[in-house]
Amino acid sequence: MDVVARMASQSAVVIFSKSTCCMSHSIKRLFYEQGVSPAIVEIDQEMYGKDIEWSLARLGCSPPVPAVFVGGKFVGTANTVMTLHLDGSLKRLLKEAGALWL
């Protein structure tokens, strides 16, 4: 869990993803289209990817990817992020974290 917390705090937005996951791809596109450049951790390409996946599952990520952290705090998986985007809350979170200027 410490590795996930450390990685999540190194950038305003961190997305834990798998390179073959279509939902991970969709969430990454959402952030890019908002003008945000998130740090992406492709856990299927990380040496300790299975440990990271296990830690994400212990945080309540089900499925474990995509898992989005904004300002070092766990925001949620794809469903939660899309809900926040649709109700306008995601933009506010991104501004507060310094990931979005407008």
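Helices (H or I, at least four residues) and strands (E, at least two) are DSSP runs, numbered from the N terminus. This is a predicted model, in which local features need pLDDT of at least 70, side-chain atom pairs count only at pLDDT 80 or more, and totals for chains, interfaces and linings use all residues. Residues are numbered from 1 along each chain as its sequence is written, and side-chain values use heavy atoms, with hydrogens and water left out.

**View 1. The whole chain holds five helices and four strands.**
From the N terminus, the order of elements is α-β-α-β-α-β-β-α-α. The radius of gyration, taken over C-alpha atoms, is 12 Å. The globule rule (2.2 Å times the number of residues to the power 0.38) gives 13 Å for 102 residues, so the chain is as compact as a globular protein of that length. The C-alpha trace spans about 35 × 25 × 20 Å along its principal axes. Of the 102 residues, 43% are buried. Here buried means under 20% relative accessible area, exposed over 50%, and partly exposed in between, with a 1.4 Å probe and protein chains only. Contact means heavy atoms within 4.5 Å. Take the contacts between residues at least 6 apart in sequence: 61% of them join residues at least 24 apart.

**View 2. Strands S3 and S4 form a hairpin.**
S3 covers residues 67–70 and S4 covers residues 73–76. The two strands run antiparallel, joined by three bridges; strands pair if DSSP finds at least two bridges between them. Valine 70 has lysine 73 in S4 as its bridge partner. Two residues lie between the strands. Glycine 71 of this hairpin takes a positive phi near 60°.

**View 3. Phe16, Phe69 and Phe74 are linked into a cluster by ring pairs.**
Two aromatic pairs turn up in a search of the whole structure. Rings of Phe, Tyr and Trp (its six-membered ring) pair if their centres lie within 6.5 Å; planes under 30 degrees apart count as stacked, over 60 as edge-to-face and the rest as tilted. Phenylalanine 16 and phenylalanine 69 make an edge-to-face pair, 5.5 Å centre to centre with 75° between the planes. Phenylalanine 16 sits in strand S1 and phenylalanine 69 in strand S3, so this pair ties together parts 53 residues apart in sequence. Phenylalanine 16 is buried, at 0% relative accessibility. Phenylalanine 69 is buried too, at 4%. The pair of phenylalanine 69 and phenylalanine 74 is tilted, with 5.3 Å between centres and 55° between the planes. Phenylalanine 74, at 31% relative accessibility, counts as partly exposed.

**View 4. Threonine 77 lies in the loop between S4 and H4.**
The residue is buried, at 13% relative accessibility. Leaving out residues up to four places away in sequence, threonine 77 touches Cys61, Ser62, Pro63 and Pro66.

**View 5. Leucine 84 belongs to helix H4.**
H4 covers residues 78–86. Leucine 84 has 18% relative accessibility and so counts as buried. Its contacts are Val75, Ser89, Leu90 and Leu93, with neighbours within four places in sequence left aside.

**View 6. Helix H5 has three named buried residues: Ser89, Leu90 and Leu94.**
H5 covers residues 89–97. Its buried residues span an arc of only 135° around the axis, so they lie on the same side of H5. The arc is that of the directions from the helix axis to the C-beta atoms. An α-helix has 3.6 residues a turn, so residues three or four places apart point the same way. The cover over the buried residues of H5 includes strand S1 (13–17), helix H2 (22–33), S3 and H4. Glycine 98 follows H5, with a positive phi near 80°.

**View 7. The structure has zero disulfides.**
A disulfide is a pair of cysteine sulfur atoms within 2.5 Å. Why is cysteine 21 not bonded to the closest cysteine sulfur? That sulfur, in cysteine 22, is 5.5 Å away, too far for a bond. Cysteine 22 is likewise in no disulfide. Is cysteine 22 buried or exposed? At 56% relative accessibility, cysteine 22 is exposed.
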